[in-house]
Amino acid sequence: MLYYILRYINEFYSLPGMRVIEYLTFRASAAAITALLIIIFAGPRFIRFLKSKFVEPIKEEAPPEHRKKKDVPTMGGIMIIFAIEVSAFLWAKIDDPHVWLIMLAVFWMGLIGFIDDYQKVVLKVKGGLAGHYKLIGQVTLGLVIGFYTWNDPVFSVLLSDTTVPFFKKLSVDYGIFYIPVVIFIITAVSNAVNLTDGLDGLAAGNAAIVTFALGGFAYLAGNAVYAGYLSIPFISGAGEVAVVSMAIVMACVGFLWFNSSPAEVFMGDTGSLSLGSAIAVIALMIKQELLLPILAGIFFVETLSVSMQVAWFKISKKLYGEGRRIFLMAPLHHHFQLKGWAEQKIVIRFWIISILLFLTSLMTLKLR
């Protein structure tokens, strides 16, 4: 019934004379509502199914608080992916390359994450899918996205027009390094979200905030007047990115209904890898990838904390004969857990920081 009602409204808004901006806003809102309702209504039954088959074992090195979560099912990312794909199919222009490239990223990395989760949960393979296989999946996706955008006229005219935050007329031309840059960004961001997924609601909440901001940038980039005024590249079709972005945002919000502390379900690598790749591809589509260290600062710092921990452990082992640590545990959220912070406090404070980084990202528009 909901499907036919929304489709009727959709047809009404597509009648001649309706303003394009109103139609785009309607479709973005409809995609958001559809994604939210899919998860809210399908969630309880799907979680019961997951609980009967897919309960992930808790890592031995995890903080003591995590041992209470031994009966919580994983692979909840399947709900997120399903909601995103269905909403995008219903409300976005599916023949637009911006749309299907994002949908491809969500599905492809979701599949890689599913294989990883399946190996850990069902096959009981310690550590799940080997790291080099994940890397192959990420590099393959990066090659597909990179080669397609390099050769498609819709994208190729903008390859040398990536904006630099805080600078009005400065752009970056990657040249022959464009495809390696695409591979690096997709790999880095998908891994960053994966590392952040360690506390109830942490990854989903921050992914929603970051994607909402990117959806706003996409909306502006898709309007020639706004883009010209704000000195950002005008990207024909970027409005469709906003539609998919809103579906992703509300899929994350819907998932938080069940994933907020105490979590009833975890997204697993199925969800975190797919969300990370979606964020990366959206940023690449709208030429805002250099904004990610600011906008997605939580993901960046979480990854940095792991890199610093591993590097210092190896260096100190050579210098002092024993490995030493910078943090009590990495990623960073576990460090605060071991310092005695409540899980909910860590998550909410990280959300607050993400909102502040979102506002800082908006400031870069005005400074241009």
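**Exercise 1. State what share of the protein chain is buried, and describe the fold in overall terms.**

Step 1. Of the 368 residues in the protein chain, buried ones make up 52%, where buried means under 20% relative accessible area, exposed over 50%, and partly exposed in between, with a 1.4 Å probe and protein chains only. This is a predicted model, in which local features need pLDDT of at least 70 and side-chain atom pairs count only at pLDDT 80 or more, while totals for chains, interfaces and linings use all residues. Residues are numbered from 1 along each chain as its sequence is written, and side-chain values use heavy atoms, with hydrogens and water left out.

Step 2. The secondary structure comes to 15 helices and two strands; these are DSSP runs numbered from the N terminus, helices being H or I with at least four residues and strands E with at least two.

Step 3. Taking contact to mean heavy atoms within 4.5 Å, one finds that, among contacts between residues at least 6 apart in sequence, 74% join residues at least 24 apart.

**Exercise 2. Identify the residues of the largest nonpolar core that touch the most other members, and follow one of them outward.**

Step 1. A nonpolar core is a set of buried Ala, Val, Leu, Ile, Met, Phe, Trp, Tyr and Cys residues joined through side-chain atoms within 4.5 Å. In the largest one, which has 96 residues, Ile248, Leu275 and Ile279 touch the most other members, and helix H10 (residues 238-259) gives the most to this core, with 14 residues.

Step 2. Leaving aside neighbours within four places in sequence, Ile279 is in contact with eight residues named here in full: Val189, Val193, Ala207, Val210, Thr211, Leu214, Leu292 and Phe299.

Step 3. Apart from the largest core lies another, of nine residues, among them Leu199, Leu332, Phe336 and Val347.

**Exercise 3. Determine where Ala32 lies and which residues it contacts beyond its neighbours within four places in sequence.**

Step 1. Ala32 has its place in helix H2 (residues 20-53), and it counts as buried because its relative accessibility is 11%.

Step 2. Beyond its neighbours within four places in sequence, Ala32 is in contact with Met246, Ala247 and Met250. The C-alpha atoms of Ala32 and Met250 are separated by 5.2 Å, although these residues are 218 residues apart along the chain.

**Exercise 4. Locate the cis peptide bonds that join Ser261 to Pro262 and Ala330 to Pro331.**

Step 1. The bond joining Ser261 and Pro262 has an omega of about -5°, and Pro262 is found in the loop between H10 and helix H11 (268-285).

Step 2. The bond from Ala330 to Pro331 has omega near 5°, with Pro331 lying in the loop between H13 and helix H14 (332-338).

**Exercise 5. For Met75 and Lys124, decide whether each is buried or exposed, and give the backbone setting.**

Step 1. Met75, although not a glycine, has a positive phi of about 70°; this residue is found in the loop between H2 and helix H3 (77-91), and it counts as buried because its relative accessible area is 0%.

Step 2. Lys124, likewise not a glycine, has a positive phi of about 60° and is found in the loop between helix H4 (97-121) and helix H5 (131-151). Lys124 counts as exposed because its relative accessibility is 58%.
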